[in-house]
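Welcome to a set of exercises with worked solutions. Have a look at the sequence and the structure, then work through the tasks one by one.

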Amino acid sequence: MELTTPISEDVIRSLHVGDLVEVTGIVHTGRDAVHKFLHDGGSLPVDMRGGVLYHCGPVMVKEDGQWVCKAAGPTTSAREEPYQAEVIQKLGLRAVIGKGGMGDKTLAGCKEFGCVYLHAVGGAAQVLAECIKKVRGACMLEEFGSPEAVWELEVEEFPCVVTMDSHGGSLHKEVFARSKEALAKLL
Amino acid sequence: MAGLKDNLLELIRRTSAEMPDDVNRVLVEALKAEEKRTTAEFALKTIHANIALAAKKSQPICQDTGSILFHVHGPVGSDQLVFEEAAREAVAEATKKGFLRQNSVDSLTGKNSGTNLGPGTPTFHFTQVRGATGMNVRLILKGGGCENVGAQYSLPDSRIGADRDLKGCRRAILDAVLQAQGKGCGPGVLGVCIGGDRATSYAFSKEQLLRSLDDRNPNAELDALEQEIVATANQLGIGPMGFGGKTTLLGCKIGVVNRLPASYFVSISYMCWAFRRRGVVLSADGGKIERWLY
């Protein structure tokens with residue numbers, strides 16, 4: 001399924017755990033530093049309503065005065081668990097892309113505010129960088145450094161799996177419970 | 001010196017962009033084993049496409065080029081400081097070229113050095129080898145996602161019912177796999193150390209990651225445990241990326257060092273599927289590449 005930004009709440013509510021989606025449009029990166037910054041009351045000079053936040057610290061190189069993305073896979077999302085639900089509400093996000101999944105607080109936030117968690121393939125930095133057609137710019141670059149900055153990216157057909165939906169479904173909870181049960185039998 | 005620096009730069013480039021064959025081979029088997037048209041298969045296909053693309057473009061397999069861990073075996077009397085200087089220069093240049101991400105952050109101020117250089121980064125592990133004629137330099141780039149799911153157990157541990165024996169070690173290792181789920185970018189490889197103090201135990205667990213995936217442990221008991229851990233982990237259904245599926249681990253390597261009577265540590269270092277580990281044998285002055293390892 002194609003997801004084009006800005007994404008409507010109806011489209012998000014139609015998604016379920018296990019769906020394969022491809023994101024096209026504008027995506028902003030944001031990871032540890034920016035989540036804490038927003039939690040501490042900071043605000044960003046960008047409008048992300050209906051948008052997508054990508055947990056990613058890309059490799060960026062300036063070539064002929066233009067930023068070029070050399071590698072851009074997802075980073076572990078669990079570190080943003082204390083802040084994510086609040087950030088989803090504050091920025092009006094419709095999707096968060098990352099890896100490894102998130103916890104109950106974020107799951108509840110997805111349900112309340114109409115958002116999904118999209119799992120990109122961790123480590124697949126080249127396949128995912130190929131989907132980035134243009135680096136539009138960055139904010140907080142000086143303050144946070146390149147990996148932690150908020151990069152504005154134009155993406156095409158960025159592949160992800162819905163692993164947490166807006167109906168309370170979480171693949172991560174399911175797999176953890178199943179694997180815990182399986183291990184108990186094998187010990 | 002310039003020759004050494006250039007050779008180390010090439011080692012960094014290869015490590016960041018080209019997967020070692022022993023890991024590739026196991027990943028090919030993993031894709032074959034996975035059920036078709038599942039999210040697990042999607043993950044593994046993406047991984048394979050990514051490996052090919054990174055090598056073709058000579059760009060990082062993963063954007064998190066991680067901790068930079070140099071392991072050097074050199075002749076007695078070789079100058080470690082000269083090596084470190086050349087390596088630091090190579091690291092800074094590799095960062096500028098985009099083979100490495102800017103990955104060295106001041107822990108107090110949050111300021112990124114921008115060069116990968118700073119207190120504690122990169123790290124060097126030197127070993128002198130009597131009679132060696134050349135320098136054996138191996139490099140691991142270990143990303144933060146997998147580093148964060150590493151775990152250290154102090155046995156006995158009643159939470160997981162682990163006593164001070166190999167059965168207890170097995171419980172600790174499998175618990176680490178369960179807790180890691182897909183967060184360390186599975187399917188991964190475990191480097192394990194039984195024994196040591198807290199610091200040496202973790203350090204030695206990472207040294208296990210220098211072993212080729214297809215080697216066998218010379219200790220029969222540990223060899224059996226290595227095989228069994230992989231087989232058992234792959235029955236847990238965690239799968240690639242934690243999506244569910246057949247391959248949770250690609251390998252497990254276990255080493256053992258002596259401990260204090262009072263301590264019994266089991267340390268587990270998790271390496272992601274993007275197992276960036278390369279090595280090179282250089283002439284004694286570092287100026288000439290004799291051959292590539294792995």
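Which strands of chain B does helix α1 (residues 2-17) of chain B lie across, and at about what angle does this helix run to β8(B)?

**Solution.** Start with the ground rules. This is a predicted model, in which local features need pLDDT of at least 70, side-chain atom pairs count only at pLDDT 80 or more, and totals for chains, interfaces and linings use all residues. Residues are numbered from 1 along each chain as its sequence is written, while chains are lettered from A and ligands numbered from 1 in the order in which they are written.

Next, the terms. Helices (H or I, at least four residues) and strands (E, at least two) are DSSP runs, numbered from the N terminus. Axes are lines fitted to C-alpha atoms, for helices over the stretch in contact, and angles run from 0 to 180 degrees between N-to-C directions. Two residues are in contact if their C-beta atoms, placed from the backbone, lie within 7 Å.

Now the result: α1(B) lies across β3, β8 (276-283) and β9 of chain B, and runs at about 155° to β8(B).

**Exercise 2. Describe the sheet of five strands in chain B.**

**Solution.** Step one is the order: this open sheet reads β2-β1-β3-β8-β9 (chain B), with mixed pairing. Two strands pair if DSSP finds at least two bridges between them.

Step two is the edges. β2 (123-129) and β9 (289-293) of chain B each pair on one side only. From one strand to the next, the twist averages 15°.

Step three is a pair inside the sheet. β1(B) and β3(B) run antiparallel and are joined by seven bridges. B:Ile68 stands opposite B:Leu141 in β3(B).

**Exercise 3. Describe the sheet of four strands in chain B and the helix that lies across it.**

**Solution.** Begin with the order again: β4-β7-β5-β6 (chain B) form an open sheet with mixed pairing. Its edge strands are β4 (151-154) and β6 (249-256) of chain B. Neighbouring strands are turned by 15° against each other on average, direction ignored.

Then pick one pair. Strand β5 (residues 188-194) of chain B runs parallel to β6(B), and seven bridges join them. B:Ile194 has B:Val256 in β6(B) as its bridge partner.

Finally, add the helix. Helix α7 (residues 198-207) of chain B lies across β4, β5, β6 and β7 (265-271) of chain B, at about 40° to β7(B).

**Exercise 4. How do α2(B) and α3(B) pack, and which residues meet?**

**Solution.** Two packed helices are described by the angle between their axes and the distance between the axes. Here, the axes of α2 (residues 21-33) and α3 (residues 39-57) of chain B come within 10 Å and cross at roughly 150°. Angles over 145 degrees count as roughly antiparallel, so α2(B) is roughly antiparallel to α3(B).

For the residues, look at B:Asn24, B:Leu27, B:Ala30 and B:Leu31 in α2(B), which meet B:Leu44, B:Lys45, B:Ile47, B:His48 and B:Ile51 in α3(B). This contact divides into six nonpolar residues, two polar and one charged. Ala, Val, Leu, Ile, Met, Phe, Trp, Tyr, Cys and Pro count as nonpolar, Asp, Glu, Lys and Arg as charged, and the others, Gly among them, as polar.

**Exercise 5. Into which domains is chain B divided?**

**Solution.** Chain B has domain 1 (2-15 + 61-143 + 276-293) and domain 2 (145-271), with bounds from an automatic or database domain assignment. Taken over C-alpha atoms, their centres are separated by 26 Å. Nine residues of domain 1 are in contact with seven residues of domain 2. On the domain 1 side, β1 (67-75) and β3 (134-142) of chain B give two or more residues.

**Exercise 6. How many residues of chain A are in contact with chain B?**

**Solution.** The count is 41 residues of chain A, in contact with 42 residues of chain B. The elements of chain A that each supply at least two residues are β4 (59-63), β5 (66-71), α5 (125-130) and α7 (171-186). The largest share, ten residues, comes from α7(A). By kind, the chain A side divides into 21 nonpolar, 15 polar and five charged residues.

Note on methods
Angles under 35 degrees count as roughly parallel, over 145 as roughly antiparallel, 65 to 115 as roughly perpendicular and the rest as oblique.
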